[in-house]
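Me: I would like a close look at a single part of this model, with the reasoning set out step by step. Please keep to what the coordinates support.

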Amino acid sequence: MSETKPVKVEHEKQSFKERFSGIFDEMWEKIGQHHHGISGHVAGDVAADLCDSKDCYTYSMDLPGMDRDDVNVAVESGRLVIRGEKQDERSEKGESYVFRERRFGKFERSFSLPANAREKNIEASFKNGVLTVKIPYKPDKEKAARKIQVSGG
């Protein structure tokens, strides 16, 4: 029969700064998870603003250098999905960039639609490089609970 020997486990001591930093990391992760439901999926370099007015939600996205035909807006499985592609049509023959920050390529943003959204009444417009999507929602009186009669004996 073999004899077991105790094993000394050393715990790494964390400094106050490391513990404090860990708390903030966890907090930002939780905030990010909540924010993801509102701001949705991001693929590409496109930011959006969301405003809530008395009768609709409005998403606004700056899409400089793009045309209306470069953007596709759809409702898919309870989500607002915005896709597009910004083409780089410039010829670079003989050009020598020191740096290049402007982005080109495909992007996609998707947002969960709220339960009270009127999907059939969603409108999108594009003007001066800004995409605006208005999502009307049902007034509070339409969201009120109603009693369901239970039948049977």
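Is Cys56 buried or exposed?

Reply: In this predicted model, Cys56 has a relative accessible area of 10%, and because the cut-off for a buried residue is under 20%, Cys56 counts as buried. Its closest cysteine sulfur belongs to Cys51 and lies 9.3 Å away, which is too far for a bond, since a disulfide requires two cysteine sulfur atoms within 2.5 Å. Cys51, for its part, is in no disulfide, and a search of the whole structure finds 0 disulfides. The surroundings of Cys51 can be described in the same terms: with a relative accessibility of 47%, Cys51 is classed as partly exposed.

Cys56 falls within strand β3, which covers residues 56-62 and also holds Tyr57. Tyr57 is buried, as is Tyr137, and the ring centres of Tyr57 and Tyr137 are 4.6 Å apart, with the planes at 45 degrees, so the pair is tilted. This contact links distant parts of the chain, given that Tyr137 sits in the loop between β8 (130-136) and α2 (140-143), 80 residues apart from Tyr57. The structure holds 2 aromatic pairs, of which the one formed by Tyr57 and Tyr137 is described here.

As for the strands that follow in the numbering, β4 (residues 71-76) and β5 (residues 79-86) pair in the antiparallel sense over 6 bridges, with Asn72 having Arg83 in β5 as its bridge partner. Strand β5 is also joined by 8 bridges to β6 (residues 105-112), again running antiparallel, and there Leu80 has Phe111 as its bridge partner.

Key. Residues numbered from 1 in each chain as written. Predicted model: local features only at pLDDT ≥ 70, side-chain atom pairs only at ≥ 80, totals over all residues. Heavy atoms only, no water. Phe/Tyr/Trp six-rings, centres within 6.5 Å; stacked < 30°, edge-to-face > 60°. Helix = DSSP H or I, 4+ residues; strand = E, 2+ residues; numbered from the N terminus. Buried < 20%, exposed > 50% of the residue type's maximum accessible area, 1.4 Å probe, protein only. Pairing = 2+ DSSP bridges.
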